[in-house]
Amino acid sequence: MSEPQPIHLSDYRPPAYRVTHTELTFDLDPSATRVKARLHVERHPEREAGEPLELDGEQLALKAIAIDGQPLGDDEYALTESGLRIERAPERFLLDTEVEIAPEANTALEGLYQSGGMFCTQCEAEGFRRITFYPDRPDVMATFSTTVIGRLDREPVLLSNGNPVERGELPNGRHFVTWEDPHPKPCYLFALVAGDLEKVEDRFTTMSGREVTLQIWVEEENLGKTDHAMASLKRAMRWDEETYGREYDLDLFMIVAVNDFNMGAMENKGLNIFNSAAVLTHPHTATDAAFQRVEGIVAHEYFHNWSGNRVTCRDWFQLSLKEGFTVFRDQTFSADTNSAPVKRIEDVSFFRTAQFAEDAGPTAHPVRPDHYIEIGNFYTLTIYEKGAEIVRMLRNLVGWEAFRRGSDLYFSRFDGQAVTIEDFVACMAEASGQDLDQFMRWYSQAGTPEIDAHGEYDYANGAYRLLLRQRTPATPGQPDKAPQHIPIRLGLVGTKSGRDLRLTLDGESLGTDGVIHLREEEQEFVFTDVEEAPVPSLARGFSAPVKLNFPYSREDLAFLQTHDSDGFNRWDAGQRLALLALDDLIAAHRNGVEKVMDPRVVEAFRELLKRETDDKAVLAEMLTLPSEAYIAEQQPLVDVDAIHAARQFVKQSLAMALRDDFLRVYQENVGDAPYAPEPEQIAARSLKNVALSYLVSIEDEEGIELARRQFEADHNMTDVRAALTLLVHSSRDELADPALRTFGEKWAHDPLVMDQWFSVQVSRPQSDALERVKFLMDHPAFSLTNPNKVRALIGAFAQNRVNFHRLDGEGYRLLADVVIELNRLNPEIASRLVTPLTRWRRFDETRQELMKGELERIREEKLSPNVYEVIEKALA
Ligand code: 0A1
Ligand code: ZN
């Protein structure tokens, strides 16, 4: 077999032929589904006559082929490794094909597959080529008419995109439904679902007064778990009208929940397909975090109807065009619906942990990559989350009003088209009159820019000099970087007054909270009329996706933590302060020196716990120590054991010093109102559970008893899971074991709860975590072909820092074994799962060798393009 070859953005050409209308007929059968396709084809006006027609196709058994009704002879077409080629095709014609496929054998979950008893599809990015021969590329947009034929008993429900226009019975217990989608779309937005499903229905009146029917389709036993998704959908629809002026454009909007799904959900036109974990909720089965995730994902997929579907991507290099913009839209929606500062803190702390690591590793790539082997490997944090940060910077640069005008211009100018990132940014430049040329580098340069900042207060002249130096590290294929345009929102906080001082730069007033623009490699900003010595508060709200270093003293940080007017930076100052203390303790642990707790951190926490704050959600975040993963991100070389020990030491020292405060906070936040996933309750629960985690960390008897009672009270899953996790992660197995047993027996019938049961156990720090994984892989609720199970058990274990990185290499070996197995079953999941091993360069020599050894063992296999691309990069 030849090695998979990369494809390049610079090779883009419009297709030789386009399809204007697509008629499909599916005759469903688990082992032999027949797909008839009639394509209305015409030559692309920008391409010369006489070029061959090329269609993509994989794993299809061709049964018939004809042009304008005339069957083609064997010499009139060629089946290739990747599809079908017709050398001589007319200018305009009808192409009929018939193929056979086997959904039940499809474990990759791309194309048409079976999940439980139902048929469903996943076509993004290149799954449609496993359904029929087609130009499977997003710049070919057609209207679709789809007839689905199934068995009345087994598939009473037959769904596809658009509106149902005809239905009827057929001989032999079969029936059909025909669907028409009037909006031209690329085939990656095609969807089909067939099975024994039940629906929950609601209605929505759009801003222009049109009535839309909303349906959520689920298996019967899940009928009671759709309320929150439905409410979220209606909120998202209203929000998109009010915020972006975007109205829904069909009479019917459907969501379907499926158990086997590679990702969170998919925005197929009019028929969104969701991983059941991203749509089903119930107070007793889903945590607050899950409720919020469902709200965000429902909104995300809905928002794609405009940012992605009506205006789509010209090619897959432009993936962030739809994903970055849509993530930005869902983030702002969630911020508007919940606590905005907490949403930002959560998003940024995830981003700085996971995206920074990606940007610093062997698979680093620009937000718009210029080549790839397998596009499935590019549904990444860089494309999604860094893409969203870029759109956020754009919004901040041009201001919301110009941004909204730019968005309106984009949607009206490109409606029904497949476009590029330049097209989007050009609309923003046009609407704002700003020059965004340098800004475009954010899309082409990989790596996280680092800024070294220094400040000096000039007492004599009342001036503050801020010197900024930027540098983007080399990334694979990009040794040299040009300076970025980095917007830095900042304030100068007076050390005497504790207030934001007025900012005057080059004689111009920026108010007390302003933005400066770093464009050069090095730039000095001199603020004048600064009446007292300040501490600078830099990159407020995480105004750019960069690492910003400033030589803050611990006193500065404690000051900012209490005085910064920017909530995000107050939180960040606390994180920085904790990180400095952790640094010392990590060093002490490595050197075998006694660990001593920094009293400044204890005092800062005492202050926090004392203050009557009205934002409990923010307080809960402030009381949460940086995660082991984030601490590791800050270290030149990761020492997993030292990091774990240091963090544990800080946590226990705080718990011992402030035990009564934590207990009081816990008690003040126990509520007995019926569960609702609303911000105030969520805030109280998270504050209470953070406090409890401190008490349990020192095995305080009262704390342990509170956790036990909270578990038994069984009030809602947030509290139950928090208590269960604390017990299982403590060393009190006599409490943990019965709790796990009760929980596992109670929820054996519910796959989404069992996922949580798996994750809680295998993420415990005790040394039996790996043995538990092995044991649980034989549990009847586990299955290697279900991505949620793989993520819950194997994925969660790979995040268990101390145990995955065991020095005997058993953690690495286990992961590699599973990757090898999944490489055959589900390449997309396999290549995601291998990620932790690709970060081998970050660890000590012993671990490096062990991790590399496993990567090399994987390389010996016959690899899918997905895994091949990742392994090659990791070992390069
Ligand atoms: N467009 C979806 C993400 C998605 C991508 C690929 C998938 O299958 C291989 C599934 C979903 C989104 O952004 O939600
Ligand atoms: Zn998306």
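This talk walks through one structure, from its annotated domains to its ligand site, its core and a few single residues. Keep in mind that the model is predicted.

Let's start with the domains. UniProt, in an unreviewed entry, gives three that I want to show. The annotation "domain: Aminopeptidase N-like N-terminal" covers residues 21-189. That stretch is 54% strand and 0% helix. Its end C-alpha atoms are 14 Å apart.

Next along the chain, the unreviewed UniProt entry lists "domain: Peptidase M1 membrane alanine aminopeptidase" for residues 229-442. Here we have 55% helix and 9% strand. The end C-alpha atoms lie 34 Å apart.

Then comes residues 555-876, listed in the unreviewed UniProt entry as "domain: Peptidase M1 alanyl aminopeptidase C-terminal". This span is 73% helix and 0% strand. From end to end, C-alpha to C-alpha, the distance is 44 Å.

Now the ligand. How many residues surround ligand 1? There are 15, and the closest are Q122, E124, N262, M263 and M266. Two elements, strand 20 (265-266) and helix 2 (288-303), each supply at least two residues of that shell. By type, the shell divides into six charged, five polar and four nonpolar residues.

Helix 2 comes up again when we look at helix 1. Helix 1 runs over residues 227-244, which makes 18 residues. Its first and last C-alpha atoms are 25 Å apart, close to the 26 Å expected at 1.5 Å a residue. Several of its residues are buried, among them H228, L233, W239 and D240. What do the buried residues of helix 1 pack against? The partners are strand 17 (198-205), strand 18 (211-218), strand 19 (252-258), helix 2 and helix 3 (319-337). Right after helix 1 sits G245, with a positive phi near 65°.

On to the core. The largest nonpolar core has 242 residues. Those with the most contacts inside it are V193, V256, I273, L793, L815, V819 and L833. Take V193. Beyond its sequence neighbours up to four places away, V193 touches M118, F119, C120, L159, V256, L271 and I273. So two of the other names from that core list, V256 and I273, turn up as contacts of V193.

L815 and V819 take us to helix 24, where both are buried. G811, Y812, L822 and N823 are also among the buried residues there. Why does the length of helix 24 make sense? It has 16 residues, 810-825, so at 1.5 Å a residue it should span 22 Å; the end C-alpha atoms are 23 Å apart, which agrees. One general point helps when you look at the buried positions. An α-helix has 3.6 residues a turn, so residues three or four places apart point the same way.

Two single residues to finish. A739 is in helix 19 (residues 733-746). Is A739 buried or exposed? It counts as buried, because it has 21 C-beta neighbours inside 10 Å, and 20 are enough. Outside its neighbours within four places in sequence, A739 is in contact with F711, L724 and L727. F782 is 43 residues from A739 in sequence, and 20 Å away in space, C-alpha to C-alpha.

E678 is in a loop, between helix 15 (659-668) and helix 16 (679-697). With 13 other C-beta atoms within 10 Å, E678 is partly exposed. W757 lies 79 residues from E678 along the chain, and their C-alpha atoms are separated by 25 Å.

Note on methods
Residues are numbered from 1 along each chain as its sequence is written. Chains are lettered from A and ligands numbered from 1 in the order in which they are written. This is a predicted model: local features need pLDDT of at least 70, side-chain atom pairs count only at pLDDT 80 or more; totals for chains, interfaces and linings use all residues. A residue is near a molecule or strand if its C-beta atom, placed from the backbone, lies within 6 Å of it. Helices (H or I, at least four residues) and strands (E, at least two) are DSSP runs, numbered from the N terminus. Ala, Val, Leu, Ile, Met, Phe, Trp, Tyr, Cys and Pro count as nonpolar, Asp, Glu, Lys and Arg as charged, and the others, Gly among them, as polar. UniProt positions are given in the numbering used here, feature names are shortened, and annotations may be inferred rather than shown by experiment. The expected span of a helix is 1.5 Å times one less than its number of residues. A residue is buried if 20 or more other C-beta atoms lie within 10 Å of its own, exposed if 12 or fewer, and partly exposed in between; C-beta atoms are placed from the backbone. A nonpolar core is a set of buried Ala, Val, Leu, Ile, Met, Phe, Trp, Tyr and Cys residues joined through C-beta atoms within 7 Å. Two residues are in contact if their C-beta atoms, placed from the backbone, lie within 7 Å.
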